[in-house]
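Ready to practise reading a fold? Grab a pencil and try each exercise before you look at its solution.

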Amino acid sequence: GAMLVYDITKRETFDHMPRWLEELKSHADNNIMIMLVGNKSDLGDLRTVTTEDAKEFAEKEGLFFLETSALEAVNVESAFSTVLTEIYKIVSKKALIANEEQRHGNTTLLKGTKIVLPQYNQDVSVKKKGCCG
């Protein structure tokens, strides 16, 4: 998950959101959960980005949206809880799909590397090889 945060009192921070969003989408998983966060809601009298502008951008881009005040701890926990809840939903959905595919004989989503962890106080010897193999 990711949070794109802008300062509601500095319009240029909001104006950079499309670029940051493009950058994020080009380097992240297609299923990433993204939240647009307008911070410093405690400074409403200095606001240069309207809530309506931010909501419109978030809706157009399919983002969650919330305004926060880190100074007053308003909606900060809610922002993180929302991101974590949505990540959980995405991961759970992927697990359900993987389980369904496994029942039908397709295990491509479940392939991985088995990792064996040593027991507590177990001596682990590592064979050293050259730098590349």
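Below are three exercises on this structure, each with a worked solution.

The model is a predicted one, where local features need pLDDT of at least 70, side-chain atom pairs count only at pLDDT 80 or more, and totals for chains, interfaces and linings use all residues. Residues are numbered from 1 along each chain as its sequence is written, and side-chain values use heavy atoms, with hydrogens and water left out.

**Exercise 1. Work out the strand order of the sheet and find its edges.**

Step 1: Know your terms. Strands (E, at least two residues) and helices (H or I, at least four) are DSSP runs, numbered from the N terminus. Two strands pair if DSSP finds at least two bridges between them.

Step 2: Look at the pairs. β1 and β2 run parallel and are joined by 6 bridges; one facing pair there is Asp 7 and Asn 39. β2 and β3 also run parallel, with 4 bridges, and here Leu 36 sits opposite Phe 65.

Step 3: Put it together. You get an open sheet of 3 strands in the order β1-β2-β3. β1 (2–7) and β3 (64–67) each have a single partner strand, so they stand at the edges and one side of each lacks a neighbour in the sheet.

**Exercise 2. Sort the residues of β2 by the way they point, and say whether they are buried or exposed.**

Step 1: Recall the rule. In a regular strand, side chains alternate between the two faces of the sheet.

Step 2: Apply it. Ile 34, Leu 36 and Gly 38 point one way, while Met 35, Val 37 and Asn 39 point the other way.

Step 3: Check the cover. Buried means under 20% relative accessible area, exposed over 50%, and partly exposed in between (1.4 Å probe, protein chains only). For β2, 6 of its 6 residues come out buried.

**Exercise 3. Describe the surroundings of Glu 67.**

Step 1: Place it. Glu 67 belongs to strand β3 and is buried, at 14% relative accessible area.

Step 2: List some neighbours. Contact means heavy atoms within 4.5 Å. Leaving out residues up to four places away in sequence, Glu 67 touches several residues, including Tyr 6, Ile 8 and Val 74. Gly 38 is 29 residues away in sequence, yet the C-alpha atoms are 4.4 Å apart.

Step 3: Pick out the polar contacts (N or O atom pairs within 3.5 Å; within protein, one must be able to donate a hydrogen and the other to accept it, and residues adjacent in sequence count only if both atoms are side-chain atoms). The Glu 67 side chain makes one with the side chain of Arg 47 at 2.8 Å, and another with that of Thr 51 at 3.1 Å.
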